[in-house]
Amino acid sequence: MKPILPEVTAAVADAPVIVAAPEPQTYTLLRDLVMLTKARLTLLVLMTTALGFGFGSGRGVDWFLFFRVMFGTAFVAASASVLNQFIERKVDRLMRRTQDRPLPAGRMAPGTALGLGVLLAVAGLIYLQNRVSPLCAGLAGGTLATYVALYTPMKRKSAWCVTIGAIAGAIPPVIGWAAATGSLGTGAWILFGILFFWQMPHFLSLAWLYRDDYAQAGFFMLRRNDTVGMKAATESLLCAVALTVVTLLPVFLGMAHPMYAVVALACDGWLLACAALFLAQRNRASARRLFLASIVYLPLVMALLMVCRS
């Protein structure tokens, strides 16, 4: 959040202008923990995990198992965000959108964040192992390792980090499916595909919007020499096409009602149109439109898939 600007109060008549002292921003421990664990990102992880669990459960939902897998996954997801910010604490000082986080702003000691991240990871993985299943713990551990050990350092080396990050972000619904079914089936891979292909236009449009900020920090979120955004826009459109195909698979495989295909096609058409516009114009307005469309698209398709599942 941006710091509060100083309040300027002009006196009446000919009195001199009085400038009040800047009001200090109120940072509580709770607020810093919300920022450190990237609460919105963690919530998205839990939403997709719930999608996998519900899609795999069919008509009978084991609610006690559901809350256990959500609890353990929340810990692991939060730990990934904390460890990511611990590793990037110096780089975060270089970007306006991240310099106000607890570590770069100096409100929290790096050792405290590291200890919290490790504690959350160990607690979440042990809980999933003992209270859900070893398969779910393994998937969560793989997600954590991919995000922290591969995606995070690769951001300063190669634009392939976006693909690696999309792989990590596509595993949570697989965790939910595995918890509900006890195995990895066709539905799990369909959910993985939906999340993977959705993330590409989502993050590539975001990378284009913040390309100057990322470049200042030394992050390679876009392909090298992609100064006009042609590669980012082309990849976004191709992945939107692939996403359209994957979202229709549940109907062809008898896993969703045909009505799902009608509405899903409308959502896909909207996202495709935004991706095509981004390719045609390659400016901030078209990138922002695609980014916002992707935000609306995912919960719509997720809810539709849950309602129309066979």
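Is Val132 buried or exposed? With a relative accessibility of 18%, Val132 counts as buried, because buried means under 20% relative accessible area, exposed over 50% and partly exposed in between (1.4 Å probe, protein chains only). The structure is a predicted model, in which local features need pLDDT of at least 70 and side-chain atom pairs count only at pLDDT 80 or more, while totals for chains, interfaces and linings use all residues. Residues are numbered from 1 along each chain as its sequence is written, and side-chain values use heavy atoms, with hydrogens and water left out.

Val132 sits in the loop between α4 (110-131) and α5 (134-154). Helices here are DSSP runs (H or I, at least four residues; strands are E, at least two), numbered from the N terminus. Contact means heavy atoms within 4.5 Å. Neighbours within four places in sequence aside, Val132 is in contact with Leu65, Arg68, Val69, Tyr127 and Ala179. Asp100 is 32 residues from Val132 in sequence, and their C-alpha atoms are 37 Å apart in space.

Val69 leads on to the nonpolar core. Such a core is a set of buried Ala, Val, Leu, Ile, Met, Phe, Trp, Tyr and Cys residues joined through side-chain atoms within 4.5 Å. The largest one has 81 residues. Val69, Met221, Tyr260 and Leu305 have the most contacts inside it. Helix α8 (residues 186-209) gives the most to this core, with 13 residues. A second, separate core has eight residues, including Leu36, Ala78, Val82 and Leu103. Val69 itself touches Phe53, Leu128, Val132, Ile175 and Ala179, residues up to four places away in sequence not being counted.

His202 belongs to helix α8. His202 is buried, at a relative accessible area of 9%. Outside its neighbours within four places in sequence, His202 is in contact with Phe291, Ser294 and Ile295.

Helix α11 (residues 258-281) has 24 residues. The expected span of a helix is 1.5 Å times one less than its number of residues. For α11 this gives 34 Å; the end C-alpha atoms are 35 Å apart, which agrees. Buried residues of α11 are Tyr260, Ala261, Ala264, Cys267, Asp268, Leu271, Cys274, Ala275 and Phe278. They pack against α8, α10 (230-252) and α12 (284-307). Val262 is also found in α11, but is exposed, with a relative accessible area of 54%. Val262 and Leu248 are 14 residues apart in sequence and 9.4 Å apart in space, C-alpha to C-alpha.

Two non-glycine residues with positive phi follow. Arg282 comes just after α11 and lies in the loop between α11 and α12. Its phi is positive, about 50°, although Arg282 is not a glycine. At 23% relative accessibility, Arg282 counts as partly exposed. Lys38 also has a positive phi of about 50° without being a glycine. Lys38 is placed in the loop between α1 (29-36) and α2 (39-57). The relative accessible area of Lys38 is 17%, so this residue is buried.

Empty space was examined next. Rolling a probe the size of a water molecule over the atoms shows where empty space is left. On a 1 Å grid over the protein atoms alone, a cavity is a set of points where a 1.4 Å probe fits but cannot get out. A pocket is an open set with protein on both sides within 12 Å along at least five of seven lines, and lining residues have an atom within 4 Å of a point. Grid points are joined across faces, edges and corners, and a volume is the space filled by probe spheres set on the points.

The count comes to one cavity of 30 Å³ or more. The largest cavity holds about 50 Å³ of space. Its lining consists of Ala159, Val162, Leu204, Met221, Leu222, Arg223, Asp226, Ala232 and Glu235. Six of these are nonpolar, none polar and three charged. In this scheme Ala, Val, Leu, Ile, Met, Phe, Trp, Tyr, Cys and Pro count as nonpolar, Asp, Glu, Lys and Arg as charged, and the others, Gly among them, as polar.

The second largest pocket holds about 230 Å³. Its lining has 16 residues, of which Arg211, Ala215, Phe219, Leu222 and Arg223 lie nearest its centre. Eight of the lining residues are nonpolar, three polar and five charged. Helices α8 and α9 (211-217) each supply at least two of them. The most come from α9, with four residues.
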